[in-house]
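Hi everyone, thanks for making time this morning. I'd like to walk you through one fold, so please have the viewer open.

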Amino acid sequence: MEKNKISTYLILLSTLLLIPFYSQAQNPAPLRLAVAGVSHAHLHEVIVRMDRGDFQIVGVAEKDDKVRENNGLRKKLDPSLFYADLGEMLDKTKPEVVVAYGSIYDHLEVVEACAPRGIDVMVEKPLAVNMQHASRMAELARANKTLVLTNYETSWYDTNHEAYQLIKNGEIGNITRINVYDGHQGPIEIGCGREFTDWLTDPVQNGGGAVMDFGCYGANLVTWLLNGQKPTSVYAVLNRQKPAIYPKVDDDATIIAEYPDMTVQIMASWNWPMNRKDMHIYGSKGYIYQDTPTQMRVYTQKGGKEVSKAAPRLASPYNDSFYYLKAVVRKQIEVKPTDLASLENNLVVVEILESAIKSAQTGKAIEIK
């Protein structure tokens, strides 16, 4: 009997070790991927994954001549793969999917080019600068039956998914409050390049300042934890604590989203003394402190004490944005409307952010229907 248990354990262990390789084995050909825009600082997420073999960059489009000639992809790709015109790049390179690394305002232009050509898109967070852009992107995607996904760093945190599971299992009872903390010392303070901060600190190109840059994380996670539910109202205060550095946009945002049975507070700032993307979830029978991507603290009435733990590791393709993208585009997995990257979730995110900006402008709570 003991030998059987050991054999079963070894089989299970080897299966778990092989999980990260399954998506590659089932879809061995690299994903044909194109990049639209290269000014976003998150472009490094593409660069550091280029040698893995799960995707191949077939084209890069960037309309700014200087930025097109000077970016992290230039040293790794043949110059012939770079184009000034997005449409020309798409027609000549025939990608399966496009990832957008330009300004948030440019996301609509990318979907306008890709959707009619039947090409899927993944944008960096948030989905759009406002609901007018977001609604048009959704209309194009649905009419052409293409994907529009939104990528967040926090989508791949082990602790966020463990928190979701604990809530689903009823470990902390009914949720009564969620506090989400996101941000850092400021994009200029931490050394982001001008090609990035020029549009990140522009109210048109980014839609706002910290409220957009970091408010989106909390709105995305909470919408996911609540299975797509919208708040009934949003109230927000947007501050400029460093107007000499950020004269055009807010650098600190507090968003209060009210739901029928709970309150969510999203604290998004370029004024934290440290980098943070953490969350406190309170329930009628306990709480979850998601401290880092891997570490968390949990208290339940049943356990009677706070327990610090490492969250279980996520399995591929759910542990990495580009493994996930390949599996979705190749129809190996399905994007549910309630998923973190889904169009439906991120339409709610943009509605929350737009309502927050309107609230700050008027000094009143904005009702959401």
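I'll go through the sheet, then the helices on it, then the aromatic rings. One thing to keep in mind throughout is that this is a predicted model.

Let's begin with the sheet. Nine strands make it up, and the sheet is open with mixed pairing. Reading across, the order is S14-S13-S12-S11-S7-S10-S9-S8-S15. The strands at the edges are S14, residues 306-310, and S15, residues 366-367, and each of these pairs on one side only.

At the S14 end, the neighbour is S13, residues 295-300, and the two run antiparallel with 5 bridges between them. If you want a landmark there, Met 296 is opposite Lys 309 in S14.

Now look towards S10. How many of the residues of S10 are buried? The count is 7 of 8, so please picture a strand that is mostly covered. On one side S10 pairs with S7, in the parallel sense, over 7 bridges, and you can find Asp 182 opposite Ala 268 of S10. S10 also pairs with S9, this time antiparallel, with 8 bridges. Here Asp 252 is opposite Ser 269 in S10. S9 and S10 form a hairpin, and 2 residues lie between them.

On to the helices. H7, residues 158-168, packs on the sheet and touches S7, S11, S12, S13 and S14. The direction of H7 makes about 15 degrees with that of S13. H10, residues 215-225, lies across S7, S9, S10 and S11, and runs at about 150 degrees to S7.

Is H10 enclosed or exposed? Of its 11 residues, 11 are buried, so the helix is largely enclosed by the rest of the structure. Among those buried residues are Gly 215, Cys 216, Tyr 217 and Trp 224. After H10 comes Asn 227, with a positive phi near 55 degrees.

That brings me to the rings. We describe a pair of aromatic rings by the distance of the centres and the angle of the planes. The structure holds 13 aromatic pairs. One of them is Tyr 164 with Trp 224, a stacked pair at 4.6 Å centre to centre and 15 degrees between the planes. What I like here is the link between distant parts of the chain: Tyr 164 belongs to H7 and Trp 224 to H10, 60 residues apart.

Which burial class does each partner fall into? Tyr 164 has a relative accessible area of 22%, so this residue is partly exposed. Trp 224, at 6%, counts as buried, because the cut-off for buried is under 20%.

Next, Phe 214 and Tyr 217. Their ring centres are 5.8 Å apart and their planes are at 25 degrees, so this pair is stacked as well. Phe 214 is buried at 4% relative accessible area, and Tyr 217 is buried at 1%. Phe 214 has another partner too: the charged end of Lys 125 sits over its ring, 5.5 Å from the centre. You'll find a similar arrangement at Phe 82, where the charged end of Arg 74 sits over the ring, 4.3 Å from its centre.

One last stop: Tyr 282, Tyr 287, Tyr 289 and Tyr 299 are joined by ring pairs into a cluster.

That's my tour, and I'm happy to take questions.

Terms used: Residues are numbered from 1 along each chain as its sequence is written. This is a predicted model: local features need pLDDT of at least 70, side-chain atom pairs count only at pLDDT 80 or more; totals for chains, interfaces and linings use all residues. Side-chain values use heavy atoms; hydrogens and water are left out. Two strands pair if DSSP finds at least two bridges between them. Helices (H or I, at least four residues) and strands (E, at least two) are DSSP runs, numbered from the N terminus. Contact means heavy atoms within 4.5 Å. Axes are lines fitted to C-alpha atoms, for helices over the stretch in contact, and angles run from 0 to 180 degrees between N-to-C directions. Rings of Phe, Tyr and Trp (its six-membered ring) pair if their centres lie within 6.5 Å; planes under 30 degrees apart count as stacked, over 60 as edge-to-face and the rest as tilted. Buried means under 20% relative accessible area, exposed over 50%, partly exposed in between (1.4 Å probe, protein chains only). A charge sits over a ring if NZ of Lys or CZ of Arg is within 6 Å of the ring centre and within 35 degrees of the ring normal.
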